[in-house]
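These are my notebook entries on a structure that I looked up residue by residue. I give each term its cut-off where I use it.

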Number of protein chains: 2
Amino acid sequence: MPTVADDVFKALADPTRRALFERLARDGEQTVHALTDHAGVSQPTVSKHLGILKIANLVRDRPEGRETYYSAQPQALAPLIDWMSLYADFWRERFDRLESLLKKMDQ
Amino acid sequence: MPTVADDVFKALADPTRRALFERLARDGEQTVHALTDHAGVSQPTVSKHLGILKIANLVRDRPEGRETYYSAQPQALAPLIDWMSLYADFWRERFDRLESLLKKMDQ
DNA sequence: ACAATCCATAGCCGAATGGCTATGGATTCA
DNA sequence: TGAATCCATAGCCATTCGGCTATGGATTGT
């Protein structure tokens, strides 16, 4: 059953990609070069990971001259929220807050 | 950055494993044999996947005679919620800022 | 104009992944 | 007791994955 959530789950399954996403979410839009400086892997590897994150809509790119600025798109986490909502009986409070935030941001 | 969330993300990255978890969460505790009947893969493959889910604490096994009953442990999703909540906070900040800005502009 | 920088793509490689069959121990049934 | 069932493990194989270097187009700086 390949779903929409599949790309997102797979994209976030790798620690390097999660770190890239985390950094973009925390520190805001930045270039591939800036990301590479802190990623601990080569620039082509960073580019490849960003490509996978982009397919999952977790990041967005904004080319500007010879540079490309990437930024996080946390709304792309929504499919995960949807999927987990089926099993979320336990942490109901935390979850409700998160979900309503996402819906607000989606508008 | 290998975190606690890593096992959970990796475990859920595979569609077959997600389907197993979904079925256990939806229909409750059941044997490997019952799971195999609906998984579309062989029994050893199901067992292997269950092993990975178990390492991530997403399922629990209860041997009984020659059978083994598995059940879902949705609490194991908590690390994912926690991870995502980091970005919920991030969103709320920005959202709150935007909201207050809009109010100011409205005056 | 030339040199340097940024980044994406291509191509390679070893390790991990997800599937299978074969097997065998443990249990249950006839 | 003997046959059948349940399930985990082992071992195999093809594919995917995550890293690298090499390269080259585009842009920017000198």
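**Entry 1: Gln30(B)**

I began by listing what Gln30(B) touches, leaving out residues up to four places away in sequence: Arg23(B), Leu24(B), Leu35(B), Thr68(B), Tyr69(B) and Tyr70(B). Contact here means heavy atoms within 4.5 Å. I note that the model is predicted, that local features need pLDDT of at least 70 and side-chain atom pairs pLDDT 80 or more, while totals for chains, interfaces and linings use all residues. Residues are numbered from 1 along each chain as its sequence is written, chains are lettered from A and ligands numbered from 1 in the order in which they are written, and side-chain values use heavy atoms, with hydrogens and water left out.

Gln30(B) belongs to strand 1 (residues 30–31) of chain B. Helices (H or I, at least four residues) and strands (E, at least two) are DSSP runs, numbered from the N terminus. Is Gln30(B) buried or exposed? I found it buried, because its relative accessibility is 9%. Buried means under 20% relative accessible area, exposed over 50% and partly exposed in between, with a 1.4 Å probe and protein chains only. The side chain of Gln30(B) also reaches the backbone oxygen of Gly28(B), at 2.9 Å. A polar contact is a pair of N or O atoms within 3.5 Å; within protein, one must be able to donate a hydrogen and the other to accept it, and residues adjacent in sequence count only if both atoms are side-chain atoms.

**Entry 2: the nonpolar core**

I next looked up the largest nonpolar core, which has 51 residues. Such a core is a set of buried Ala, Val, Leu, Ile, Met, Phe, Trp, Tyr and Cys residues joined through side-chain atoms within 4.5 Å. Which residues touch the most other members? They are Leu50(A), Leu58(A), Leu50(B) and Leu58(B). For Leu50(A), setting aside neighbours within four places in sequence, I listed contacts with Leu20(A), Leu24(A), Val32(A), Leu35(A), Val59(A) and Tyr70(A).

**Entry 3: aromatic pairs**

My search of the whole structure gave four aromatic pairs over all chains. The ring centres of Phe9(A) and Trp83(A) are 5.3 Å apart and the planes stand at 85°, so this pair is edge-to-face. Rings of Phe, Tyr and Trp (its six-membered ring) pair if their centres lie within 6.5 Å; planes under 30 degrees apart count as stacked, over 60 as edge-to-face and the rest as tilted. The pair links distant parts of the chain, with Phe9(A) in helix 1 (residues 4–12) and Trp83(A) in helix 5 (residues 78–85) of chain A, 74 residues apart. Both Phe9(A) and Trp83(A) are buried. Together with Phe21(B), they form one aromatic cluster.

**Entry 4: DNA strand C**

I counted as near any residue with a heavy atom within 4 Å of the strand. Of the 22 residues around DNA strand C, those that come nearest are His33(A), Gln43(A), Ser47(A), Thr45(B) and His49(B). Of the strand's atoms within 4 Å of the protein, 65% belong to sugar or phosphate and the rest to bases. Three polar contacts to phosphate oxygens went into my list. A polar backbone atom of His33(A) is 2.5 Å from one, a backbone N or O atom of Thr68(A) is 3.0 Å from one, and a side-chain N or O atom of Ser42(B) is 2.9 Å from one.

**Entry 5: DNA strand D**

DNA strand D has 22 residues around it, and Lys48(A), His49(A), His33(B), Gln43(B) and Ser47(B) come nearest. Here 66% of the strand's atoms within 4 Å of the protein belong to sugar or phosphate. Polar side-chain atoms of Ser47(B) and Tyr70(B) lie at 2.4 Å and 3.0 Å from a phosphate oxygen. For Arg66(A), a backbone N or O atom is 3.4 Å from a sugar or linking oxygen of DNA strand D.

**Entry 6: Asn57(A) and Ile55(B)**

Most residues other than glycine have a negative phi. Asn57(A), although not a glycine, has a positive phi of about 65°. Asn57(A) sits in the loop between helix 4 and strand 2 (59–64) of chain A, and is exposed, with a relative accessible area of 52%.

Finally, I located Ile55(B) in helix 4 of chain B. Ile55(B) counts as exposed because its relative accessibility is 61%. The C-alpha atoms of Ile55(B) and Val8(B) are separated by 8.8 Å, with the two residues 47 apart along the chain.
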